[in-house]
Amino acid sequence: MTHAKWRASDTWMLGLFILWLIWTVLVAQSAGIIHLFDQSIALPLHHSPQWFQQLMVGYTKLGNPHSITIITLILGGALWLFRQPRATLFLWINTWILGGYGNYFVKQIIERPRPTAWRLVQIGGFSYPSGHSTSTTMLIGSLIVIGWTLYPKSTTKWWLLGIGLILILLMMMSRIIVGVHYPSDTLGGFMLGSCLLYLSTRLTTGYRTGPLKPQHQ
């Protein structure tokens, strides 16, 4: 990516970060607009078809900490076998450290209680931002970045982007459908994950793929 394109991306992502900060403040203050946003999205999803709700109950388990750990280990191991140790570290650090601890840190500050009116699964802890949304964004987003870095001219990268965004959106929806998060939680988690992913991507430009040590010819 050229310097000019990076500057344009920096501007957009700075705007997203500011939007996330504003969103987080509104959530912390229980603003009316947040309540309206949550109701307008949660109610239709809670009345979605029974088969879809059951599908989301199963799908949301893929975002549980143990599941994310196993999935990330397998994917990282596969990248390592394909001689991409830097990509493995990029994936692991993003998902486990930046995504995991970043989300936990914000949760402890906001301390938003989880919704209780509708529950298909049981879970403790605070609600904002959604850890599943953040970690899924970091995990799938990291894979997308790696794919775009390795195959910048391949049309497959667009399929990777499209499928990845659908999987992230489904995880966000699943957390609302099972009743453990408000829609504003999942959106906050997605924005947080996107900002952290971009920061990591920006700082690792030229170092995300390939062997750990430069190969001298």
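The accessible surface of this protein comes to about 12,400 Å², and carbon and sulfur atoms account for 72% of that area. Keep in mind as you look around that this is a predicted model. Of the 217 residues, 42% are buried. Along the principal axes, the C-alpha atoms fill a box of roughly 65 × 35 × 30 Å. The radius of gyration is 18 Å, which agrees with the value near 17 Å that a compact globule of 217 residues would have.

Now trace the chain. The protein has 8 helices and 0 strands, so its pattern along the sequence reads α-α-α-α-α-α-α-α. Among contacts with a separation of 6 or more, 77% join residues 24 or more positions apart.

Let's step inside. In soluble globular proteins, nonpolar side chains tend to be buried together. Here the largest nonpolar core has 21 residues, and those touching the most other members are Trp-20, Trp-23, Val-27, Val-106, Tyr-128 and Ile-146. At least two residues of this core come from each of helix H1 (3-28), helix H4 (65-81), helix H5 (85-110), H6 and helix H8 (183-203). H5 gives the most, with 5 residues.

Tyr-128 is a good place to pause. Leaving aside residues up to four places away in sequence, Tyr-128 touches Trp-20, Trp-23, Thr-24 and Val-27, along with Val-106, Lys-107, Ile-110 and Arg-112, and also Ser-184, Asp-185 and Gly-188. Apart from the largest core lies another one, of 8 residues, including Ala-42, Leu-45, Met-56 and Met-171.

Met-56 leads us to helix H3, which spans residues 50-60 and has Met-56 among its buried residues. The others buried in H3 are Phe-52, Gln-53, Val-57, Tyr-59 and Thr-60. What do these buried residues pack against? Their partners are helix H2 (32-46), helix H6 (131-150) and helix H7 (156-177). An α-helix has 3.6 residues a turn, so residues three or four places apart point the same way. With that in mind, follow Phe-52, Gln-53, Met-56 and Val-57 along the helix.

Finally, come back out to the surface. There, Trp-80, Leu-89, Ile-93, Ile-97, Tyr-101 and Leu-212 form a nonpolar patch, with about 600 Å² of accessible area together. H5 gives the most to this patch as well, with 4 residues. One residue of the patch, Ile-97, is found in helix H5. Is Ile-97 buried or partly exposed? Its relative accessible area is 45%, so Ile-97 counts as partly exposed, the class between under 20% and over 50%.

Key:
Residues are numbered from 1 along each chain as its sequence is written. This is a predicted model: local features need pLDDT of at least 70, side-chain atom pairs count only at pLDDT 80 or more; totals for chains, interfaces and linings use all residues. Side-chain values use heavy atoms; hydrogens and water are left out. Buried means under 20% relative accessible area, exposed over 50%, partly exposed in between (1.4 Å probe, protein chains only). Contact means heavy atoms within 4.5 Å. A nonpolar core is a set of buried Ala, Val, Leu, Ile, Met, Phe, Trp, Tyr and Cys residues joined through side-chain atoms within 4.5 Å. Patches are made of residues with over 30% relative accessible area and no salt bridge: like charges are joined within 9 Å, nonpolar side chains (Val, Leu, Ile, Met, Phe, Trp, Tyr) within 5 Å. Accessible areas come from the Shrake-Rupley method with a 1.4 Å probe; for residues, only the protein chains shown count as cover. A salt bridge is a side-chain nitrogen of Lys or Arg within 4 Å of a carboxyl oxygen of Asp or Glu. The radius of gyration is taken over C-alpha atoms; the globule rule is 2.2 Å times the number of residues to the power 0.38.
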